[in-house]
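Here are a few exercises to work through with the coordinates open. Try each task before you read its solution.

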Amino acid sequence: MRTVYFDNNATTRVDPVVFEEMRPYFCDLYGNPSSMHSFGGQVGKKLGEARERVAAVLGCDPAEIVFTSCGTEGDNTAIRSALEAQPDKRHIVTTKVEHPAVLNLVNHLVKKGYHLTLLGVDEQGMIDLDELRDSLRDDTAIVSIMWANNETGTVFPVAEAADIVKSRGILFHTDAVQAVGKIPIDLRALPIDFLVLSGHKLHAPKGIGALFVRRGTPFRPFMIGGHQERGRRGGTENVPGIIALGKACELAAAHMEEENTRVRELRDRLERGLLAAIPDTRLNGHPTERLPNTLNLSFKFVEGEAILLLLDQIGVCASSGSACTSGSLEPSHVLRAMGVPFTYAHGSVRFSLSRFNTREEVDFVVREMPKIIERLRSISPFSEEHSPSACTA
Amino acid sequence: MWDYTEKVKDHFLHPRNVGKIEDADAVGEVGSLACGDALRLYLKIENDRIVDAKFQTFGCGSAIASSSALTEMIKGKTLDEALKITNRDIADYLGGLPKEKMHCSVMGREALEAAINNYRGIETPKRELEGEIVCECFGVTDQQIRRAIRENNLTSVEDVTNYTKAGGGCERCLPDIERILKEELGAREAKKPSPRPKKLTNIQRIQMVQKVIDEEIRPSLQADGGDLELVDVDGTTVYVSLRGQCTNCPSAQVTLKDVVEARLQEVVDPEIQVVEVE
């Protein structure tokens, strides 16, 4: 059975070109870039090239890039650094719909005595800039707002948010893990202090990420050790990963146009097809301010995990914000923050595409999905009566 | 990715007995759209026996599989037999469920109970009346929690959440669940027989045998007009003599083996053999 991979916000296929780029750095060119000999030194040069490639896709200086092991490390480094560098500032602002890499970190920091303001979102998953403005305090150490939401694809007005925050002299961090490679980013034009990206979301392998730290921003390393990354992140470099990330960023820049035309068209085709074919279906997320690859739909009266299991039977990979898929008992914190009714929240499915998807795959899912929903609705006791009762009634 | 058994997958992909029974004799319904899973069970009952069962379920793969399994298990059973089915029986029928999914099997058992109550004209009491609501998010009462702890030998708060959903939402009730769990675990501990000393000396063994015979076995035999006398103890062989009605009783040998020997093995020493002497 062939696989239709529509789960690219979870992770992506390593681009074969990226893999070829990193391949020699395992068994042949395995030197340590810190070594004095030229066998290691040539690897150091290659790392410099990778750093330039990553900087190019972000529009920043290569010296402002710190390689990390993943997005979570980048988020932890940025937020903890901001707090450590400003010990008299005890207030953090972020949103209710952040990735757990930020949300669980700030909840942990609250237990350590920090103060937290969580910004809400509207029914389309969008933040309110006035609420942001009102949340800022004299002791606010850092504001962390994701560039684009992983579940719904809603893209936040990061430029405006950063302007508001910087006008108060507060550090601004953005988790751009879902945005880098999908939408254009130019840090020259934006007053952002920290930006985080992750390799495996843009066709590089897992285990490599990068943190942008603007020159002049106070910084305290999270990983303390050797002099690597100019003392900003100790530990021997993940050489093949860094080289792969550099290549993946170069390719992302080259494919940016395609991502926003061909991939967007595929996503729109899937969206139109499913909404037309399946009644009682709604879009979760912003209709226009949205990543070009992401589609989050809710199917009333059916449960997300059951949908995923049936999709799996025909080789289609997607994910769900339903309670049952996560092992927790409540549906996704993102959908709840958006006020998606429970009657829809349990039946959410996220399709996230990439440049490796085809129109034929989209048409296959548009053809098969109505049968799956129909099958589960025929089992469901609610499909015919449309009168849900409250949970505790 | 959940590690579902082949049987769970089979019952999810090919659920048995899906649908409604239009002229059902009993209907049981638990859960709701808001909860994330719901089950409606229809029964056809003749002479107190379930002759047909169908279901409709909104929920994940294991909820659908548990419902399907339940209908297969109860068909042909009398109502009293069906009521003996526990959530663990449903999970066992499916070859086990991931522990985070055990609440799906609890939903099956609750729907069955609701249906039979419905048939017997017992108003299924509102949950509020059946106990005190502990978990506001999912409307779970202390009685439901206690029952799940007892029937499944649960030992942690996390288990309770996996089986009943209680504590899976805002988590404010977790301390209450912990208190209930402690009470139940305390009760379970008290029920256990006092632990046996590992290695008994001869004199200890003889004293314990004498004590058990005098305090437990003889009074129960005397109640039926019989009696028993301890003659000798040699290592693990216990020699006894039957008295009174027991001497003529055709089932005396059974009593000796199934009651006296079993009890002595349980309390004193698993090696004990009871031999009757004149």
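Which strands of chain B does helix H2 (residues 61–74) lie across, and at about what angle does it run to S3(B)? Two notes before the solution. The model is predicted, so local features need pLDDT of at least 70 and side-chain atom pairs count only at pLDDT 80 or more, while totals for chains, interfaces and linings use all residues. Residues are numbered from 1 along each chain as its sequence is written, and chains are lettered from A and ligands numbered from 1 in the order in which they are written.

**Exercise 1: the sheet under the helices**

Solution. Step one: H2(B) lies across S2 and S3 of chain B, running at about 175 degrees to S3(B). Helices (H or I, at least four residues) and strands (E, at least two) are DSSP runs, numbered from the N terminus. Axes are lines fitted to C-alpha atoms, for helices over the stretch in contact, and angles run from 0 to 180 degrees between N-to-C directions.

Step two: look at helix H5 (residues 102–119) of chain B, which packs on the sheet and touches S1 and S2 of chain B. Its direction makes about 140 degrees with that of S1(B). Contact here has a simple cut-off: C-beta atoms, placed from the backbone, lie within 7 Å.

Step three: get the strand order. The sheet is open, with three strands in the order S1-S2-S3 (chain B) and antiparallel pairing. Strand S1 (26–32) and strand S3 (49–58) of chain B stand at the edges with a single partner strand each, so one side of each has no neighbour in the sheet. From one strand to the next, the twist averages 15 degrees.

Step four: check the register. S1(B) and strand S2 (residues 37–46) of chain B run antiparallel and are joined by seven bridges; strands count as paired if DSSP finds at least two bridges between them. Val27(B) has Tyr42(B) as its bridge partner in S2(B).

**Exercise 2: a hairpin and its parallel neighbour**

Task: trace the pairing of S7(B) on both sides, starting from its eight bridges to S6(B) and then its four to S8(B).

Solution. Step one: strand S6 (residues 226–234) and strand S7 (residues 237–244) of chain B run antiparallel. Asp227(B) pairs with Arg243(B) in S7(B).

Step two: S6(B) and S7(B) form a hairpin with two residues between them, and Gly235(B) in the turn has a positive phi of about 60 degrees.

Step three: S7(B) runs parallel to strand S8 (residues 273–276) of chain B. There, Thr237(B) has Gln273(B) as its bridge partner in S8(B).

**Exercise 3: an enclosed strand**

Task: is strand S8 (residues 209–213) of chain A enclosed or open to the outside?

Solution. Step one: five of its five residues are buried, so S8(A) is largely enclosed by the rest of the structure. Buried means that 20 or more other C-beta atoms lie within 10 Å of the residue's own, with C-beta atoms placed from the backbone.

Step two: sort the side chains. In a regular strand they alternate between the two faces of the sheet. Gly209(A), Leu211(A) and Val213(A) point one way from S8(A), while Ala210(A) and Phe212(A) point the other way.

Step three: find the partners. Strand S2 (residues 65–68) of chain A runs antiparallel to S8(A), with four bridges, and Thr68(A) stands opposite Gly209(A). Strand S7 (residues 194–198) of chain A is also antiparallel to S8(A), with five bridges, and Leu195(A) stands opposite Phe212(A).

**Exercise 4: overall build**

Task: how does the radius of gyration of each chain sit against the globule rule?

Solution. Step one: the radius is taken over C-alpha atoms, and the rule is 2.2 Å times the number of residues to the power 0.38.

Step two: chain A has 13 helices and 12 strands. Its radius of gyration is 22 Å, close to the 21 Å given for 393 residues, so chain A is as compact as a globular protein of that length. Buried residues make up 52% of it.

Step three: chain B has 11 helices and eight strands. Its 25 Å is well over the 19 Å given for 278 residues, so chain B is more spread out than a compact globule. Here 38% of the residues are buried.

Terms used
Contact = placed C-beta atoms within 7 Å. Buried ≥ 20, exposed ≤ 12 C-beta atoms within 10 Å, placed from the backbone.
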